[in-house]
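Work through the exercises below with the model open beside you. Try each task before reading its solution.

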Amino acid sequence: MFGCSEEPAIKGKDGKKQLIVGFSQIGAESSWRTAETESIRSEAKARNIELKFSDAQQKQENQIKALNAFIAQGVDAIILAPVVETGWEPVLRNAKKRNIPVILVDRGVKVSDESLYTTLVGTDFVLEGRLAAEWVVEKTGGKANIVELEGTPGSSAAIDRQKGFSEIIAKHPNLKVIQSQTGEFTRAKGKEVMEAFLKSSTNKIDLVFAHNDDMALGAIQAIEEAGQKPGEDIIIISIDGVKGAFEAMVAGKLNCTVECNPLLGPVAFDAVERAVAGETVEKRIMIEDKVFDQSVAKELIGGRKY
Ligand code: AHR
């Protein structure tokens, strides 16, 4: 077992104690998620940190098991990307009891005691929803029938993006969300739900708002298979800013993407190292969001890092 005071500290190349960090990842539902995993893995390697990686396959129970295993192994810190917002208090209390800092990445949790985690590193999901809606208002002149592809139910990413989007849409009576359903942040489910929307909708669908790019890419396929032109007959906006979204914008099939940067490794490990050193870490470390539409896609696609 490591982390016990009587054990000799494992030394890194620089002679300092090598940190051991447990990372509980949600899964691999989207290209965004894969980029986030890669960013955390490569940053751990660059800092000579031993990373214990666990893929939860979208299940909170698997994340809780992984966290309890990390705690039992005596890791120096835990990085957690929580699949849903609620249900974390017992395991976070367990980590706190053992003085193991927990750094949340990208998604947030709802807890009665905020001292149960060290910090949340990530973008502002409510703002992303608002930015998407503001673009919709501008693009449509405030009149459109909208269908919404939601992310994983209970996740802060889905809850907050919907909140920000509907807040702005509600101010425009001729912008109507006519159908809304989860596509679970995956391309396959996004396609399936879009097919169902196209079959069941009695009104013309003018616009798709997808909580992530992968679902939008699935919706594009469904629209094409239904004989319509994505990006022209139906306007599409999504969130993430992955390379696939830029390719779809260059091809004229996606109209806009709101960036949510997944390259969180460097900032997350800065927080880990500060927390382990006993420094105070700010409760929220915000990563900036940007909006990209077709007008800039061609110029910027070459520089996309994920
Ligand atoms: O939590 C961030 C969201 O989760 C990303 O938008 C999505 O692609 C991912 O799966």
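A cavity here is a set of grid points where a 1.4 Å probe fits but cannot get out. The model is a predicted one.

**Exercise 1. Count the cavities of 30 Å³ or more, and describe the lining of the largest cavity.**

Step 1. Apply the rule: the count is one cavity of 30 Å³ or more.

Step 2. Take the volume. The largest cavity has about 80 Å³.

Step 3. List the lining. It has 13 residues, and the closest to the centre are Trp-32, Arg-33, Arg-107, Arg-161 and Phe-185.

Step 4. Sort the lining by class. Five residues are nonpolar, two are polar and six are charged.

Step 5. Trace the lining to its elements. Helix H1 (31-46) and H5 each give at least two residues to the largest cavity. Domain 1 (20-121 + 262-286) and domain 2 (125-260) each give at least three.

**Exercise 2. State which domains the chain has, and how many residues each brings to their contact.**

Step 1. Read the assignment. It gives domain 1 (20-121 + 262-286) and domain 2 (125-260).

Step 2. Count the contact residues. Domain 1 brings twelve and domain 2 brings 17.

Step 3. Take the spacing. The C-alpha centres of domain 1 and domain 2 lie 29 Å apart.

**Exercise 3. Describe the largest pocket: its volume, and the residues closest to its centre.**

Step 1. Take the volume. The largest pocket has about 270 Å³.

Step 2. Find the centre. Of 17 lining residues, the closest to it are Glu-85, Gly-108, Val-109, Leu-120 and Asp-160.

Step 3. Sort by class. The lining of the largest pocket has seven nonpolar, three polar and seven charged residues.

Step 4. Trace the elements. Helix H4 (125-140), helix H5 (156-169) and strand S11 (284-286) each supply at least two residues of this lining.

Step 5. Check the domains. Domain 1 and domain 2 each contribute at least three residues to the lining of the largest pocket.

**Exercise 4. Is Thr-119 buried or exposed? Find the partners of its side chain.**

Step 1. Place the residue. Thr-119 sits in strand S5 (residues 119-122).

Step 2. Apply the cut-off. Thr-119 is buried because its relative accessibility is 0%, and buried means under 20%.

Step 3. Look for polar partners. A polar atom of the Thr-119 side chain lies 2.7 Å from the backbone oxygen of Glu-282. The backbone oxygen of Lys-283 lies 3.2 Å from a polar atom of that side chain.

Step 4. Widen the view. Beyond four places in sequence, Thr-119 contacts residues including Val-102, Ile-103, Leu-104, Ala-271 and Arg-284.

**Exercise 5. Which residue shares a side-chain polar contact with Thr-257?**

Step 1. Place the residue. Thr-257 belongs to strand S10 (residues 256-259).

Step 2. Check the burial. Thr-257 counts as buried, because its relative accessibility is 0%.

Step 3. Name the partner. The side chains of Thr-257 and Asp-213 are joined by a polar contact of 2.9 Å.

Step 4. Add further contacts. Among them are Ser-238, Phe-246, Met-249, Lys-290 and Phe-292.

**Exercise 6. Where are Asn-48 and Gln-57 found? Give the phi of each.**

Step 1. Recall the background. Most residues other than glycine have a negative phi.

Step 2. Take Asn-48. Its phi is positive, near 55°. Asn-48 is in the loop between H1 and strand S2 (50-55). Its relative accessible area is 27%, so Asn-48 is partly exposed.

Step 3. Take Gln-57. Its phi is positive too, near 50°. Gln-57 is in the loop between S2 and helix H2 (60-73). Its relative accessible area is 54%, so Gln-57 is exposed.

Note on methods. Residues numbered from 1 in each chain as written. Predicted model: local features only at pLDDT ≥ 70, side-chain atom pairs only at ≥ 80, totals over all residues. Heavy atoms only, no water. 1 Å grid on protein atoms, 1.4 Å probe; cavity = no way out; pocket = protein on both sides within 12 Å on 5 of 7 lines; lining within 4 Å. Points joined across faces, edges and corners; volume = space filled by probe spheres on them. Helix = DSSP H or I, 4+ residues; strand = E, 2+ residues; numbered from the N terminus. Nonpolar A, V, L, I, M, F, W, Y, C, P; charged D, E, K, R; others polar. Domains from an automatic or database assignment. Buried < 20%, exposed > 50% of the residue type's maximum accessible area, 1.4 Å probe, protein only. Polar contact = N/O pair within 3.5 Å; in protein donor to acceptor, adjacent residues only side chain to side chain. Contact = heavy atoms within 4.5 Å.
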